[in-house]
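Biologist: Could you take me through the small sheet in this model slowly, strand by strand, and then out to whatever else you think I should look at? I have the picture open, so point at things and I'll follow.

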Amino acid sequence: MAPVDPYLILEAAAVLAFLGVLIWRTKVLDLEGTVAALAVGAAVYLTIGRGGVVVLLIFLAVSAVFTRIGYERKRALGAAELKGGVRGWRNVLGNGSVAAGAAILYHIDPARSHVYSVAMVCSVAAVFADTLATEVGLLSRGKVLSIVGFREVRPGEPGGVTLYGYGGAALAGFLTWTVYAFGFPNPLHPFKLLVATMLSAIAGTTVDSVVGQLLQGRYRCSACNTVVEHPEHCGQTAVHVSGLKFVDNHVVNAICALTGAVVGVAYFLAA
Ligand SMILES: [Zn+2]
């Protein structure tokens with residue numbers, strides 16, 4: 001395990017401080033979310049380097065833009081991100097823990113560093129894809145079908161998929177690839193990396209939908225009688241109706257990230 005270059009630490013501190021203020025002031029993340037994002041960003045910056053941080057940044061920025069497009073319509077559907085789209089630390093850790101873990105392994109096991117950089121990039125491709133699938137899918141006016149059984153479900157329901165959504169997922173996989181493949185020198189063959197990010201994007205989004213439909217906890221609000229993802233609604237405790245209580249949206253996101261990393265690495269090692 002090589003020591004981290006002190007100049008890189010200074011650079012990372014300066015860049016991340018600037019980005020932290022920007023992310024917080026533009027309300028992409030709340031204060032706790034920004035602190036969590038800086039921790040993930042520092043782990044990636046000090047190991048994988050600038051290219052990895054740019055991938056994380058594109059994910060955050062493009063997701064924030066798509067979250068805000070059609071926000072009023074999404075809110076009317078009851079499917080918008082809460083708090084005007086400002087995301088918190090649970091969201092950051094659900095989406096970013098696998099990337100941070102891969103970055104730490106990159107540092108402690110340098111012999112396999114290329115595998116961990118693929119894992120990091122592909123985990124981001126998956127959660128980026130899942131985020132865009134949701135935000136773009138909610139803009140579609142067509143039917144939303146459950147991924148298991150193809151029944152019509154309401155927009156925003158965990159497990160619901162649309163063609164638009166898959167278009168968003170593919171866009172995220174492609175954007176992840178362009179940034180990492182062209183923005184910075186890296187040890188990966190560009191075409192293999194493109195296949196890896198696209199596979200991870202589609203697989204991560206699909207697994208996220210399946211787990212969301214079959215395992216995620218659901219609750220019925222006794223005030224408005226709506227089935228919701230959160231154990232609280234209308235200012236009171238909602239009644240648990242199905243799924244596992246510990247599998248909330250953030251756990252599903254972490255499973256999505258892990259799926260992306262595993263699929264990306266499996267492809268990379270096999271190809
Ligand atoms: Zn309610």
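Modeller: Let's start with strand β3, residues 218-220, which runs antiparallel to β4 and is joined to β4 by two bridges. Bear in mind as we go that this is a predicted model. If you want a residue to click on, take Y219: its bridge partner in β4 is V228. Now zoom out a bit, and you'll see three strands in an open sheet, ordered β4-β3-β7, with antiparallel pairing. At the edges sit β4 (227-228) and β7 (239-242), each of which pairs on one side only.

Next, walk off the end of β4. E229 is in the loop between β4 and β5 (232-233). Is E229 buried, exposed or something in between? It counts as partly exposed, because there are 18 C-beta neighbours inside 10 Å, and a buried residue would need 20 or more. Setting aside its neighbours within four places in sequence, E229 is in contact with P158, Q216, R218, D248 and N249. One of those, R218, takes us back to strand β3, which covers residues 218-220. You can also draw a line from E229 to H240: the two are eleven residues apart in sequence, and their C-alpha atoms are 9.7 Å apart in space. H240 falls within the edge strand β7 (239-242).

Another loop to click on is the one between β1 (145-146) and β2 (160-161), where you'll find F150. Its phi is near 50°, a positive value in a residue that isn't glycine. F150 is exposed, because 10 other C-beta atoms lie within 10 Å, and the cut-off for exposed is 12 or fewer. From F150 to G160 is ten residues in sequence and 8.7 Å in space, C-alpha to C-alpha.

K27 is also a non-glycine residue with a positive phi, in this case about 60°. Look for K27 in the loop between α1 (6-25) and α2. K27 counts as partly exposed, since 14 C-beta neighbours lie inside 10 Å.

That loop brings us to the helices. α2 packs with α3 at an angle of about 150°, and their axes are 7 Å apart. So α2 is roughly antiparallel to α3, as angles over 145 degrees are counted that way. On the α2 side the contact is made by V40, G41, V44 and Y45, and on the α3 side by G52, V53 and L56.

Both of those helices also meet α5. The buried residues of α5 pack against α2 (31-45), α3 (50-68), α6 (113-137) and α9 (249-270). Which residues of α5 are buried? They are N91, V92, G94, N95, G96, V98, A99, A100, A102, A103 and Y106. Keep your cursor on G96 for a second, as helix α5 (residues 89-108) has a kink of about 50° centred there.

Now follow α5 over to α9. Those two pack at an angle of about 25°, with 8 Å between their axes. That makes α5 roughly parallel to α9, and α5 passes α9 in a right-handed crossing. From α5, the residues in the meeting are R90, N91, L93, G94, N95, S97, V98 and A102, and from α9 they are H250, V251, N253, A254, A257, L258 and A261.

α9 has another neighbour to look at, α6. The axes of α6 and α9 come within 7 Å and cross at roughly 135°, so α6 is oblique to α9. This crossing, too, is right-handed. Among the α6 residues making the contact are V115, V118, A119 and C122, while α9 contributes residues including N253, C256, A257 and F268. N253 and A257 are names you've already heard, as both also meet α5.

Finish on L269, which lies in α9. Is L269 buried or exposed? It is exposed, because 9 other C-beta atoms lie within 10 Å. L269 and V115 are 154 residues apart in sequence, yet their C-alpha atoms are 8.1 Å apart in space. V115 is one of the α6 residues in the contact with α9, so to speak a good place to stop the tour.

Methods: Residues numbered from 1 in each chain as written. Predicted model: local features only at pLDDT ≥ 70, side-chain atom pairs only at ≥ 80, totals over all residues. Pairing = 2+ DSSP bridges. Helix = DSSP H or I, 4+ residues; strand = E, 2+ residues; numbered from the N terminus. Bend = angle between axes of the 7 residues up to and from the residue. Contact = placed C-beta atoms within 7 Å. Axes fitted to C-alpha atoms, helices over the stretch in contact; angles between N-to-C directions. Parallel < 35°, antiparallel > 145°, perpendicular 65-115°, else oblique. Left-handed = near helix turned anticlockwise from the far one by under 90°.
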